[in-house]
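Let us walk through this chain together, starting with the whole and ending with a few single residues. Please keep the sequence and the model open beside you as you read.

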Amino acid sequence: MQDIFVDGINNIYVTGNLVRIELANLEPQMKTEDGQPVYNVKQRVVMPLDAFVSAFTLQNNIMQQLIQAGVVNFTPAQQPVLADSQPQ
């Protein structure tokens, strides 16, 4: 098995029955004109729609466990945030 490190998901496209997930890495030496970090697409995962739904369900279950454990703070009006990154 090969491990792949990415800094995040750049985009997700659905075409017919296939889902394409673009995986991106932060390019720290590069910035946009307004000083924002630049992400460079490095890999793409392509899977059938039913596999994407299964993956989403699995990730959602893990997210619920992280919220219950206090590792991630979440309210419906905001995106989840790691508990130790909250402003004091």
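For counting charges, Lys and Arg are taken as positive and Asp and Glu as negative, while His and the chain ends are left out. By that count the chain carries 4 positive and 8 negative side chains. The centres of these two sets lie 7 Å apart. Do keep in mind that what you are looking at is a predicted model.

Now for the fold. The chain holds 1 helix and 5 strands, and reading along the sequence gives the pattern β-β-β-α-β-β. The chain is more spread out than a compact globule, because its radius of gyration is 16 Å, well over the 12 Å that the globule rule gives for 88 residues. If you turn the model along its principal axes, the C-alpha atoms fill a box of roughly 40 × 40 × 30 Å.

The totals for the chain add to this picture. Buried residues make up 11% of the 88 residues. Of the contacts with a separation of 6 or more, 23% are between residues 24 or more positions apart. The accessible surface comes to about 7200 Å², and carbon and sulfur atoms account for 55% of that surface.

Let us move to strand 2, which covers residues 18-31. Two of its residues are worth a visit, and Asn25 is one of them. Is Asn25 buried or exposed? Its relative accessible area is 17%, and since buried means under 20%, Asn25 counts as buried. Leaving aside neighbours within four places in sequence, Asn25 is in contact with Phe5, Val6 and Asp7, and also with Val38, Tyr39, Asn40 and Lys42.

Glu27 sits in strand 2 as well. With a relative accessible area of 13%, Glu27 is buried too. Which residues does Glu27 touch, once its neighbours within four places in sequence are set aside? The answer is Val38, Asn40 and Lys42. Each of these also appears among the contacts of Asn25.

Next comes the helix. Helix 1 spans residues 49-68, 20 residues in total. From its first C-alpha to its last, helix 1 reaches 29 Å, close to the 28 Å expected at 1.5 Å a residue. Just after helix 1, look for Gly70, which takes a positive phi of about 80°.

Three residues of the helix make good landmarks. Asp50 belongs to helix 1 and counts as exposed, at 56% relative accessibility. Where does Asp50 stand relative to Asn17, 33 residues apart from it along the chain? The C-alpha atoms of the two are separated by 8.2 Å.

Further along, Met63 also lies in helix 1. Met63 is partly exposed, with a relative accessible area of 27%. Its partner for a distance check is Phe74, 11 residues apart along the chain, and their C-alpha atoms are separated by 9.7 Å.

The last stop is Gln64, again in helix 1. Gln64 is partly exposed, with a relative accessible area of 38%. Between Gln64 and Leu26, 38 residues apart along the chain, the C-alpha atoms are separated by 27 Å.

How values were computed:
Residues numbered from 1 in each chain as written. Predicted model: local features only at pLDDT ≥ 70, side-chain atom pairs only at ≥ 80, totals over all residues. Heavy atoms only, no water. Helix = DSSP H or I, 4+ residues; strand = E, 2+ residues; numbered from the N terminus. Rg over C-alpha atoms; globule rule 2.2 N^0.38 Å. Buried < 20%, exposed > 50% of the residue type's maximum accessible area, 1.4 Å probe, protein only. Contact = heavy atoms within 4.5 Å. Areas by Shrake-Rupley, 256 points an atom, 1.4 Å probe, with all protein chains shown as cover. Charge placed at Lys NZ, Arg CZ, Asp CG, Glu CD. Expected span 1.5 Å × (residues − 1).
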